[in-house]
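Here are a few short exercises to work through with the coordinates open beside you. Try each task before you read its solution.

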Amino acid sequence: MEIEISTPALLFPAISLLLLAYTNRFLTTGQLIRAISSQARTDGIRDFSGQIANLKKRLELTKWMQFFGALSMLFCTISMFALFLGYYDLGKKIFGFSLIIMCISLGICIWEVYISSNALNLELKDLNDKCSQ
């Protein structure tokens, strides 16, 4: 079965949107870091160690999500070029590799969303505890 150049091209819009979503997650994490930093400067020292560790982990995961997402797009492009030149076996292998890399990126994304959700649940618990007093 021959793979056509249009098969890897189908991933382009999806990868572009995914990288945009990753960038938005990065920007949001950056805003949270800046807000905590500002709050620590104005309100004095509070125990932000749990939030700081969480944000460091999320920032690191987001970096790797973006890295593997961009790498997947690069290999997808190389795959299309190989198919364009008529190297069908090579193009299929590179395309398969780009799919594996994209799965790694998505797996890291799931991990980051899990960590982010846990952090928000902790914030909600703290808020609930303060409102109950």
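The exercises below cover cysteines, aromatic rings and annotated spans.

This is a predicted model, in which local features need pLDDT of at least 70, side-chain atom pairs count only at pLDDT 80 or more, and totals for chains, interfaces and linings use all residues. Residues are numbered from 1 along each chain as its sequence is written, and side-chain values use heavy atoms, with hydrogens and water left out.

**Exercise 1. Find out how many disulfides the whole structure has, and explain the result for Cys76 and Cys103.**

Step 1: Apply the cut-off, a pair of cysteine sulfur atoms within 2.5 Å. The search of the whole structure returns 0 disulfides.

Step 2: Check Cys76. Its closest cysteine sulfur belongs to Cys103 and is 13 Å away, so the distance is too far for a bond.

Step 3: Check Cys103. Here the closest cysteine sulfur is in Cys109, at 13 Å, again too far for a bond.

Step 4: Compare the surroundings, with buried meaning under 20% relative accessible area, exposed over 50%, and partly exposed in between (1.4 Å probe, protein chains only). Cys76 is buried at 0%, whereas Cys103 is exposed at 54%.

**Exercise 2. Classify the ring pairs Trp64 with Phe68 and Phe75 with Phe97.**

Step 1: Recall that a pair of aromatic rings is described by the distance of the centres and the angle of the planes. Rings of Phe, Tyr and Trp (its six-membered ring) pair if their centres lie within 6.5 Å; planes under 30 degrees apart are stacked, over 60 edge-to-face, and the rest tilted.

Step 2: The whole structure holds 5 aromatic pairs. One of them joins Trp64 and Phe68, at 6.0 Å centre to centre with 35° between the planes, which is tilted.

Step 3: Place this pair. Trp64 and Phe68 are 4 residues apart in helix H3, so about one helical turn separates them; helices are DSSP runs (H or I, at least four residues), numbered from the N terminus. Trp64 is partly exposed at 34%, while Phe68 is buried at 19%.

Step 4: For Phe75 and Phe97, the centres are 5.0 Å apart and the planes stand at 85°, so the pair is edge-to-face. This pair links distant parts of the chain, Phe75 in helix H3 and Phe97 in helix H4, 22 residues apart.

**Exercise 3. Describe the chain over residues 67-88.**

Step 1: Look at the record. The unreviewed UniProt entry lists residues 67-88 among its "transmembrane region" spans.

Step 2: Read the model. Residues 67-88 are 86% helix and 0% strand, with the end C-alpha atoms 27 Å apart.

How values were computed: UniProt positions are given in the numbering used here, feature names are shortened, and annotations may be inferred rather than shown by experiment. Helices (H or I, at least four residues) and strands (E, at least two) are DSSP runs, numbered from the N terminus.
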